[in-house]
Amino acid sequence: MKLGFGFYRHMLDREHYDFAVQCGATHAVVHLVDYFHQGGQGDEAGQPVGGHNGWGLAGGTPESMWSAASLLALKQSMKASGLELEAIENFDPAHWHDVLLDGPQKQAQLEQLKQIIRAVGQVGIPVFGYNFSIAGVCGRITRHDARGHAETVGMEGDNEMSDRAMPDNMVWNMTYAPGDPEGVLPEISHEQLWSRLKDFLQALVPVAQAAGVRLAAHPDDPPVPRMRRQPRLVYQPGMYQRLLDLVPSRHNALEFCLGTLQEMTEGDIYEVCDKHTRQGDVAYIHFRNVSGKVPHYTETFIDDGDIDMRRIVSILRKNDFRGMLVPDHTPQMSCNAPWHAGMAYAMGYMKALMDM
Ligand SMILES: [Mn+2]
């Protein structure tokens with residue numbers, strides 16, 4: 001087991017690397033997609049939530065940053081602070097909107113994704129996390145209802161945002177074509193979406209295998225059957241197995257999000273964790289806690305939710321899990337550095353669990 005830390009695009013600097021190492025991190029996952037680019041969300045201190053118009057504008061990360069040379073420079077700069085770059089998390093909607101939407105640029109974009117995976121493999125980054133989702137992470141609200149009135153994110157039933165149809169220039173909660181939309185995205189079935197995933201996996205898994213990179217799927221957050229009138233893929237634990245069975249390979253793996261899995265209405269988190277870590281499916285873990293289930297849940301402090309995190313760590317140990325654990329999200333703490341304090345609290349708790 002490795003203790004890791006997740007960095008958003010605007011955190012890729014020495015100060016943030018040092019902070020993570022001070023928290024005990026030895027490994028890192030990097031979100032290269034700039035979720036905040038021209039999005040007018042203002043607050044980059046926490047996780048992106050966004051409104052009707054989603055997060056920012058896709059394509060905010062310069063193309064050059066996705067190249068092998070740039071990834072190598074990133075890996076080396078993290079190494080200089082003592083961090084091993086273990087994973088890149090998420091493709092930019094600018095690179096794969098037509099893969100998700102089955103649009104005219106699908107084949108060209110699949111080739112572009114293959115190039116990214118080859119570059120990631122070339123510099124020795126072993127994992128690439130992705131979230132095959134049309135609506136993406138949305139429909140959540142920010143509230144002050146974690147312990148001690150801490151600011152956090154959750155869901156309180158369906159809302160105007162989660163029901164509203166998506167404009168046809170948006171996917172994955174980001175706008176990929178600037179300007180006004182022409183209409184709204186057509187509604188499709190769950191089977192159509194699974195068929196798009198199959199095309200993606202059949203194209204990418206062999207390339208990932210050759211490149212030595214594990215593709216790792218995040219479940220849908222929040223895990224509801226439909227969001228913004230679009231179907232979702234993995235919103236119950238059993239759907240993870242369906243994804244794995246589409247293209248069986250060590251390189252078709254999971255970005256195992258404990259919080260999202262616990263929010264699902266079916267399944268037992270300990271059984272799901274045991275099964276997939278025993279099978280060797282899990283590339284890395286989003287180690288976070290929640291209380292409640294969709295459509296009513298709250299992201300909590302790590303020791304305060306419905307999951308017994310000690311029991312999870314004992315399962316991971318029993319199954320000799322070798323991957324990375326990262327805190328993913330945490331509530332913000334009331335002080336001058338709400339994000340840092342929240343993360344430091346989660347990291348200290350994780351490190352203690354791992355050391356015990
Ligand atoms: Mn997650």
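Strand E6 (residues 150-156) and E15 run antiparallel and are joined by three bridges. All of this comes from a predicted model, so take what follows as a description of that prediction.

Within the E6 pairing, the residue standing opposite Tyr297 of E15 is Met155. E15 has another partner too: strand E14 (residues 289-293) is linked to E15 by five bridges, and these two strands also run antiparallel. One of the pairs here puts Asn289 across from Thr300 in E15. The chain gets from E14 to E15 by way of a hairpin of two residues.

How enclosed is strand E15 (residues 296-300) by the rest of the structure? Largely, because four of its five residues are buried.

Now for the helices. Two packed pairs are worth a look, and their basic geometry goes side by side like this:

| Helix pair | Axis separation | Crossing angle |
|---|---|---|
| H9 (residues 269-278) and H10 (residues 309-318) | within 9 Å | roughly 20 degrees |
| H4 (residues 106-122) and H6 (residues 190-211) | 9 Å | about 20 degrees |

Take H4 and H6 to begin with. With their axes 9 Å apart and an angle of about 20 degrees, H4 is roughly parallel to H6, because angles under 35 degrees count that way. Their crossing is right-handed. On the H4 side, the contact is made by Leu110, Leu113, Lys114, Ile117, Arg118, Val120 and Gly121, while H6 brings Ala203, Leu204, Val207, Ala208 and Ala211. Sort the residues of this contact by character and you get nine nonpolar, one polar and two charged.

What about H9 and H10? Their axes come within 9 Å and cross at roughly 20 degrees, and the two helices are therefore roughly parallel to each other. H9 goes past H10 in a right-handed crossing. From H9, the residues making the contact are Tyr270, Cys273, Asp274 and Thr277; from H10, they are Arg311, Ile312, Ile315 and Leu316. By character, the contact of H9 with H10 splits into five nonpolar residues, one polar and two charged.

To pull the strand part together: E15 pairs antiparallel with E6 through three bridges and antiparallel with E14 through five, and E15 is largely enclosed by the rest of the structure.

Definitions and conventions:
Residues are numbered from 1 along each chain as its sequence is written. This is a predicted model: local features need pLDDT of at least 70, side-chain atom pairs count only at pLDDT 80 or more; totals for chains, interfaces and linings use all residues. A residue is buried if 20 or more other C-beta atoms lie within 10 Å of its own, exposed if 12 or fewer, and partly exposed in between; C-beta atoms are placed from the backbone. Two strands pair if DSSP finds at least two bridges between them. Axes are lines fitted to C-alpha atoms, for helices over the stretch in contact, and angles run from 0 to 180 degrees between N-to-C directions. Angles under 35 degrees count as roughly parallel, over 145 as roughly antiparallel, 65 to 115 as roughly perpendicular and the rest as oblique. A crossing is left-handed if the near helix is turned anticlockwise from the far one by less than a right angle, and right-handed if clockwise. Two residues are in contact if their C-beta atoms, placed from the backbone, lie within 7 Å. Ala, Val, Leu, Ile, Met, Phe, Trp, Tyr, Cys and Pro count as nonpolar, Asp, Glu, Lys and Arg as charged, and the others, Gly among them, as polar.
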